[in-house]
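Student: I would like a close look at a single part of this model. Please keep to that part and then show how the rest is arranged around it.

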Amino acid sequence: MEAPEDVQELIDPVSGAVVEPGKPEDDVDAIVRAAKAMRDGAAPAQARQAVQKMCLIVDDSRVIRKVSSKIAKSLGYVPVEAQDGFEALARCRKAMPHLILTDWDMPEMDGLEFVKQLRAIPTPKAPVVVFCTSKNKPADVHAGIQAGADDYIVKPFDEAALRHKLERLGRG
């Protein structure tokens with residue numbers, strides 16, 4: 001029996017790979033997962049997005065957001081950007097990311113207040129939050145952790161430094 005005509009390809013919601021029915025190398029489990037995702041209303045793009053890890057980058061500097069997005073992407077995350085704490089909270093209420101990289105000094109709502117309000121949002125799985133800021137005094141680091149951050153990295157940072165932090169947090 002052939003697949004219905006409207007099922008040209010299925011997306012495995014676990015691996016995100018395209019699974020083409022009828023090929024001898026088909027992984028039956030992957031096809032079942034993809035078919036269930038489609039049956040339950042997830043479009044292929046939604047199924048793929050659902051299994052990818054999302055990283056929210058919160059910084060008022062467009063340049064820093066772009067550089068951080070590139071690093072997040074190289075670490076396997078789908079980057080999403082916000083320019084301040086208000087926008088970041090709105091994005092978190094819509095879809096809670098796996099990882100949040102946030103600056104401290106931002107207009108409208110700073111990173112410290114953003115993290116405090118973020119931690120007040122009920123969620124089944126809290127995101128890992130890393131402050132990425134130029135504030136490097138011990139009192140600043142302490143205040144960031146007290147607000148609810150999981151770790152702290154001082155700007156400028158590179159991919160290796162962020163990867164090391166995430167590996168220590170079990171997210172690398």
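Student: How many bridges join strand β5 (residues 99-102) to β6?

Tutor: There are 4 bridges joining β5 to β6, and the two strands run parallel. Before going on, note that the model is predicted, so local features need pLDDT of at least 70 and side-chain atom pairs pLDDT 80 or more, while totals for chains, interfaces and linings use all residues. Residues are numbered from 1 along each chain as its sequence is written, and side-chain values use heavy atoms, with hydrogens and water left out.

Some terms come first. Helices (H or I, at least four residues) and strands (E, at least two) are DSSP runs numbered from the N terminus. Two strands pair if DSSP finds at least two bridges between them.

Now β6 itself. This strand covers residues 128-133, and 6 of its 6 residues are buried; buried means under 20% relative accessible area, exposed over 50%, and partly exposed in between (1.4 Å probe, protein chains only). In a regular strand the side chains alternate between the two faces of the sheet. In β6, Val 128, Val 130 and Cys 132 point one way. Val 129, Phe 131 and Thr 133 point the other way, and these residues are buried as well.

On one side, β6 has β5 for a neighbour, and the bridge partner of Ile 100 in β6 is Val 129. β6 is also joined to strand β7 (residues 151-154) by 4 bridges, and this pair runs parallel too. There, Phe 131 has Tyr 152 of β7 as its bridge partner.

Between these strands the chain passes through helices. β5, helix α5 (residues 111-119) and β6 form a right-handed β-α-β unit. Right-handed means that, with the strands pointing away from the viewer, the path from the first strand over the helix to the second runs clockwise. β6 then begins another right-handed β-α-β unit, which continues with helix α6 (residues 138-147) and ends with β7.

The two helices of these units also pack on each other. α5 and α6 meet at an angle of about 25°, with their axes 8 Å apart. Axes here are lines fitted to C-alpha atoms, for helices over the stretch in contact, and angles run from 0 to 180 degrees between N-to-C directions. From α5, the contact uses Leu 112, Val 115, Lys 116 and Arg 119; from α6, it uses Ala 143, Gly 144 and Ala 147. Contact means heavy atoms within 4.5 Å.

Next, the sheet to which β6 belongs. It is an open sheet of 5 strands in the order β4-β3-β5-β6-β7, with parallel pairing. β4 (77-82) and β7 stand at the edges with a single partner strand each, so one side of each has no neighbour in the sheet. On average, neighbouring strands of this sheet are turned by 20° against each other, direction ignored.

Moving from β5 away from β6, one comes to β3 (residues 53-58), which 4 bridges join to β5, again parallel. Leu 56 of β3 stands opposite Ile 100 in β5; Ile 100 is also the residue whose bridge partner in β6 is Val 129. β3 is joined in turn to β4 by 6 bridges, and these strands run parallel. Here Cys 55 stands opposite Pro 79 in β4.

β3, α3 and β4 make one more right-handed β-α-β unit. Helix α3 lies across β3 and β4 and runs at about 165° to β4. One residue of α3 (residues 62-74) is Ala 72, which is buried at 2% relative accessibility. Leaving out residues up to four places away in sequence, Ala 72 touches Cys 55, Ile 57, Tyr 77 and Pro 79.

Just outside the strands, Met 96 lies in the loop between α4 (85-94) and β5. Met 96 is partly exposed, with a relative accessible area of 22%. Beyond its neighbours within four places in sequence, the contacts of Met 96 include Leu 118 and Pro 127. Met 96 and Leu 118 are 22 residues apart in sequence, and their C-alpha atoms are 9.7 Å apart.

As background, the protein chain has 7 helices and 7 strands. Of its 172 residues, 40% are buried.
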